[in-house]
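Here are my notes after going through the model you sent over. I've kept them as numbered points, starting with the cysteines and finishing with a helix pair.

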Amino acid sequence: GRGLRAAAHVVYITLRSRRSKPAHIRGTVRPKRRKKPALASPRPGPGRHVSAAPSPGPRRSAAHAPPGARTRGSGAPAGGRESGIRIYSESAPSWLSRDDILRMRALADGALAPAPGGRAHLLLLGAGAPGSARRCGPRACGLLRRPLDLSEVFAFHLDRILGLNRTLPAVGRRSELIQDGRPCPLILWDSSLSPASNETHSSVKLTWGTYQQSLKQKCWQNGRVPKPEWGCTEIHHHEWSKLALFDFLLQIYNRLDTNCCGFRPRKEDACVQNGLRPKCDDQDSVALAHIIQRKHDPRHLVFIDNKGFFDRSEDNLNFKLLEGIKEFPESAVSVLKSQHLRQKLLQSLFLDKVYWESQGGRQGIEKLIDVIEQRAKILLTYINAHGAKVLPMNE
């Protein structure tokens, strides 16, 4: 019919499908090493100046040098073995500090030895100088967790990318000291943490009821000293906002919801194993757990025991973790809103060779990131729907 015949001047084009090959993430491609041809040194002649020693080129920091160029002093393993922390670009990702990189190298590459005292999961790091102390404190130590807890490594990188900086460095590690040679998380042991109770593994005593009451008082915000009757602890109000955001993204329940009252737990969850699940009638009296500060810095939290759960379905997310939180950290929310969370996680997690391979390489890591991205969208929707404020929290 008329109008259906193609006009002679119309050019039809075929749209190319999306590329199947994923883009390279900066810093995850090992640079090619080209041999430079040897140049014959010119003979000194009239008018030619010969320096006594070659001028040194620009020096790279040990933490940022490419794998073949590291010295023993950088924390890389001796004997030419490649480090378990891969940095192929000129510098490490900006969200990881130099101390983070050095500690990750110590955890990934250092020789391991059981720490004295009978604590099976505490390991001394590094060979140590002759006569050096064989105990944690003077010597760096790592806390070895189960293979099932490998998500602690993901949690460390997510924490740094979000700008929270509340977790301790963690890497994947294989060793003859580790059960069956399977990869396990090895986490930096920090001697500056405040002593914790045996019951709640916390340095402060808080129940759900007293925690909710303290949130209403905004303890220590804007430098305001709380009154005794407010029931405040030494912890700054903003710390709870950071903790709630972090725990929601990873669905960590062992701090704010130890009885699993905010979601449907599985039989292997700790609350079911310990018989705590039915105890949700009087939630105000339930104690918070794993709430830890440093001895010299009681205003800020340290996030420990950060095993996340990626298999929690969207219709079973634990929103109880966000209860009472009216403000969220601007640095973290801006990352969640950006289009760069996936790229940053890929770039950061690639550094840890053992962890990356334990998850099935990039394909497996992408599936974990899919989960976090979807939860980030849900969290941003929650923030908008509840009119929560987004504030700078780098006091």
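1. Start with Cys-136 and Cys-141, whose sulfur atoms sit 1.9 Å apart in a disulfide. Keep in mind that this is a predicted model. The torsion about this S-S bond comes out at about -95 degrees, so the link is left-handed. Both ends are tucked away: Cys-136 has 16% relative accessibility and counts as buried, and Cys-141 is buried too, at 1%.

2. Next is the disulfide between Cys-260 and Cys-271, with an S to S distance of 2.0 Å. Its S-S torsion is about -105 degrees, so this disulfide is left-handed. The two cysteines are 11 residues apart and link distant parts of the chain: Cys-260 belongs to the loop between helix H4 (237-250) and helix H5 (270-273), while Cys-271 lies in helix H5. How accessible is Cys-260? Its relative accessibility is 0%, so Cys-260 counts as buried. Cys-271 is buried as well, with a relative accessible area of 1%.

3. Cys-261 pairs with Cys-280, again as a disulfide, and the sulfur atoms are 2.0 Å apart. With -95 degrees about the S-S bond, the link of Cys-261 and Cys-280 is left-handed. Here the partners are 19 residues apart and tie together distant parts of the chain, from the loop between H4 and H5 (Cys-261) to the loop between H5 and strand E6 (292-294), where Cys-280 is found. Is Cys-261 buried or exposed? Neither, quite: at 21% relative accessibility Cys-261 counts as partly exposed, because buried means under 20%. Cys-280 has 19% and therefore counts as buried. I'd read those two labels with the cut-off of 20% in mind.

4. Stepping back to the whole set, the structure holds 4 disulfides. What pattern do they follow along the chain? Counting bonded cysteines in order, the connectivity is 1-2, 3-4, 5-7, 6-8. One further cysteine to look at is Cys-184, which counts as buried because its relative accessibility is 0%.

5. Now the helix pair. Helix H6 (residues 330-337) packs against helix H9 (residues 361-385) at an angle of about 120 degrees, and their axes are 10 Å apart. H6 and H9 are therefore oblique to each other. If you wonder why the label isn't "roughly perpendicular", that class covers 65 to 115 degrees. As for handedness, the H6 and H9 crossing is left-handed.

6. Which residues make the contact between H6 and H9? From H6 come Val-333, Leu-336 and Lys-337, and they meet Ala-376, Leu-379, Leu-380 and Ile-383 of H9. By residue class, the contact of H6 with H9 has 6 nonpolar residues, no polar ones and 1 charged. The charged one is Lys-337, which sits on the H6 side.

7. Last, some chain-level numbers. The protein chain has 9 helices and 9 strands. Of its 395 residues, 47% are buried. Looking at contacts in the chain with a separation of 6 or more, residues 24 or more positions apart account for 68% of them.

Note on methods: Residues numbered from 1 in each chain as written. Predicted model: local features only at pLDDT ≥ 70, side-chain atom pairs only at ≥ 80, totals over all residues. Heavy atoms only, no water. Axes fitted to C-alpha atoms, helices over the stretch in contact; angles between N-to-C directions. Helix = DSSP H or I, 4+ residues; strand = E, 2+ residues; numbered from the N terminus. Parallel < 35°, antiparallel > 145°, perpendicular 65-115°, else oblique. Left-handed = near helix turned anticlockwise from the far one by under 90°. Contact = heavy atoms within 4.5 Å. Disulfide = S-S within 2.5 Å. Buried < 20%, exposed > 50% of the residue type's maximum accessible area, 1.4 Å probe, protein only.
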